[in-house]
Amino acid sequence: MTWLVWRQHRTAFLLLLAAAALTTAGLAWLAQDASDAVAAVEGAKASPGAAAALDTAYRRLALLGLALAGLPVLIGVFIGAPLFAGDLESGTAKFVGVQSYSRWNWVATKLATAAGFSAAAALSTGIAMKALLTPLVNHMAVNADFTAAGGFDTTGPVTVALALLGLLIGATAGLLTRRTLPAMVATFTVLLMVKTVWSQTRMMFAPTVTRTTGGGRFADGDAPHIPAGALEVDTSYVTGDGALRGWGTCVDAADRAACLRHEGVVGWSIEYLPFSHMTAMQWAATGALAGLILLTTAALAYAARRALR
């Protein structure tokens with residue numbers, strides 16, 4: 001059965017592996033280039049050329065991150081959607097029930113084979129992308145947002161979980177529509193919706209750090225400084241009883257300092273996310289994605305039962 005699945009889908013699998021191998025090699029080369037640029041800028045005698053090279057590395061990171069964030073969509077549309085829809089559309093799925101292998105064995109083998117190739121592609125590109133991201137974030141995280149899709153969704157366990165989710169959504173769409181093109185369109189639409197919702201909930205898993213100041217010092221220069229490899233999440237004023245006031249408090253007052261004292265403000269409160277916390281954030285997010293993967297698997301089992309009965 002595994003050989004049959006390979007023979008049937010080998011073109012798509014080989015294209016996926018080839019694209020992943022080329023992307024991984026390119027990212028590895030760019031990662032070394034970015035590390036050299038960071039080292040040159042942080043050296044004792046940084047040249048204008050080093051600064052330009054570093055700016056180029058940040059621009060490459062942004063573009064590559066956006067491109068790799070679409071990997072789950074590509075896997076869902078071009079690997080997952082045709083996985084069962086092609087057999088159902090052509091009628092070859094009818095022969096599954098008369099073979100020595102059961103229908104569920106056929107479904108499981110197809111999914112396992114496709115999942116293996118998808119996970120391998122996501123894992124290799126994810127490792128290489130992390131190598132490119134790390135030196136640039138450590139140098140100046142504000143120019144390399146590791147909580148956005150281009151950094152967070154393309155590295156670590158999240159990239160593998162999203163790739164498997166895309167595959168399962170595509171396979172489920174194929175079983176429900178029983179036509180390849182409608183399945184691809186439905187997969188694309190659903191995955192865009194999932195990624196939109198995911199972008200709004202990603203920060204729920206962030207283990208942030210909060211630093212505060214006091215003593216009645218709340219001028220702009222009195223705010224606590226955050227590390228270069230951290231992202232600022234929120235900045236507020238803090239009162240004597242620990243309550244927070246928005247950064248725009250008293251912005252229209254003629255004497256802002258007097259207004260802030262009247263409001264009880266005694267200092268700043270800055271919430272930020274260190275890059276070192278990204279791993280914990282990704283594993284927590286992967287746990288949530290695992291729940292979504294299980295729900296999608298249940299939907300796929302229901303769709304397979306209806307399509308193959």
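Cys-250 counts as buried, because its relative accessibility is 11%, and buried means under 20%. This cysteine belongs to a predicted model. A search of the whole structure finds one disulfide, and Cys-250 is part of that kind of link, joined to Cys-259. The points below cover the disulfide, a charged surface patch and a residue of helix H3.

**The disulfide**
- The two sulfur atoms of Cys-250 and Cys-259 are 2.0 Å apart.
- The link of Cys-250 and Cys-259 is left-handed, with -65° about the S-S bond.
- Cys-259 has a relative accessibility of 22%, so this residue counts as partly exposed. The partly exposed class lies between the buried cut-off of under 20% and the exposed cut-off of over 50%.

**The positive patch**
- Five arginines are named here: Arg-178, Arg-179, Arg-305, Arg-306 and Arg-309 gather on the surface in a patch of positive charge.
- Arg-179, one of these residues, sits in the loop between helix H6 (156-177) and helix H7 (180-201).
- Arg-179 is partly exposed, because its relative accessible area is 41%.

**Leu-74 in helix H3**
- Helix H3 spans residues 71-90 and holds Leu-74.
- The relative accessible area of Leu-74 is 47%, so this leucine is partly exposed.
- Leu-74 and Ala-163 are 89 residues apart along the chain. Their C-alpha atoms are separated by 8.9 Å.

Technical notes
Residues are numbered from 1 along each chain as its sequence is written. This is a predicted model: local features need pLDDT of at least 70, side-chain atom pairs count only at pLDDT 80 or more; totals for chains, interfaces and linings use all residues. Side-chain values use heavy atoms; hydrogens and water are left out. A disulfide is a pair of cysteine sulfur atoms within 2.5 Å. Buried means under 20% relative accessible area, exposed over 50%, partly exposed in between (1.4 Å probe, protein chains only). Patches are made of residues with over 30% relative accessible area and no salt bridge: like charges are joined within 9 Å, nonpolar side chains (Val, Leu, Ile, Met, Phe, Trp, Tyr) within 5 Å. Accessible areas come from the Shrake-Rupley method with a 1.4 Å probe; for residues, only the protein chains shown count as cover. A salt bridge is a side-chain nitrogen of Lys or Arg within 4 Å of a carboxyl oxygen of Asp or Glu. Lys and Arg count as positive and Asp and Glu as negative; His and the chain ends are not counted. The place of a charge is taken as NZ of Lys, CZ of Arg, CG of Asp or CD of Glu. Helices (H or I, at least four residues) and strands (E, at least two) are DSSP runs, numbered from the N terminus.
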